[in-house]
Amino acid sequence: MSITYLNDARTARDNDLAPVLLTVEEAARCLRVGRTTCFALIGSGELESLLVGGLRRVPADAPAAYLARRRAERQAV
């Protein structure tokens with residue numbers, strides 16, 4: 001028999017939520033690029049980001065949007 005405690009249930013539910021914002025390092029891992037390259041993409045405006053307090057964050061859908069734009073540019077050529 002398994003006993004589920006309230007704290008365990010809340011933790012499991014919180015872990016199921018998809019992140020809304022990524023750190024720069026997480027976004028870099030999504031894109032399979034380095035941290036410096038990811039900061040360069042952010043600096044050039046190619047990858048959307050925002051400041052939350054003093055922390056740089058990347059919206060979770062921004063890496064996919066960046067790739068979609070790159071693909072569209074490649075197909076247009």
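## Two cysteines and the core around one of them

The sulfur of cysteine 38 sits 8.9 Å from the closest cysteine sulfur, in cysteine 30, which is too far for a bond. A disulfide here is a pair of cysteine sulfur atoms within 2.5 Å, and the structure holds zero of them. As a reminder, a disulfide is a covalent bond between the sulfur atoms of two cysteines. The surroundings of the two cysteines are worth a look too: cysteine 38 has 0% relative accessibility and counts as buried, while cysteine 30 is partly exposed, with a relative accessible area of 46%. The cut-offs are under 20% relative accessible area for buried, over 50% for exposed, and partly exposed in between, with a 1.4 Å probe and protein chains only.

Before going on, keep in mind that this is a predicted model, where local features need pLDDT of at least 70, side-chain atom pairs count only at pLDDT 80 or more, and totals for chains, interfaces and linings use all residues. Residues are numbered from 1 along each chain as its sequence is written, and side-chain values use heavy atoms, leaving out hydrogens and water.

Now for the overall layout. The protein has four helices and three strands, running α-β-α-α-β-β-α from the N terminus on. Helices (H or I, at least four residues) and strands (E, at least two) are DSSP runs, numbered from the N terminus. Buried residues make up 18% of the 77 residues. Among contacts (heavy atoms within 4.5 Å) with a separation of 6 or more, 42% are between residues 24 or more positions apart.

Back to cysteine 38, which lives in H3. Cys38, Leu41 and Ile42 are the ones to look at there, as they are buried in H3. They cover an arc of only 100 degrees around the axis, which puts them on the same side of H3; the arc is taken over the directions from the helix axis to the C-beta atoms. Turn to the other side of H3 and you find Thr36 and Gly43 exposed. The cover over the buried residues of H3 includes H2, E3 and H4. Just after H3, glycine 45 takes a positive phi of about 85 degrees.

H4 tells a similar story. This helix (residues 62–76) has 15 residues and reaches 21 Å from its first C-alpha to its last, close to the 21 Å expected at 1.5 Å a residue, where the expected span is 1.5 Å times one less than the number of residues. Its buried residues are Ala62, Pro63 and Tyr66. Down the axis of H4, they fall within an arc of 105 degrees, so they line one face of the helix. They pack against strand E1 (21–22), helix H2 (24–31), helix H3 (35–44) and strand E3 (55–59). Ala64, Arg71, Gln75 and Ala76 are exposed on the other side of H4.

So where does all this burial come together? In soluble globular proteins, nonpolar side chains tend to be buried together. Here the largest nonpolar core has 12 residues, including Cys38, Leu41, Ile42, Ala62 and Tyr66. Such a core is a set of buried Ala, Val, Leu, Ile, Met, Phe, Trp, Tyr and Cys residues joined through side-chain atoms within 4.5 Å. H2, H3 and H4 are the elements that give two or more residues to this core, with H2 giving the most, four residues. Valine 24 is another core member; leaving aside residues up to four places away in sequence, valine 24 touches Arg35, Cys38, Phe39, Ile42 and Arg56.
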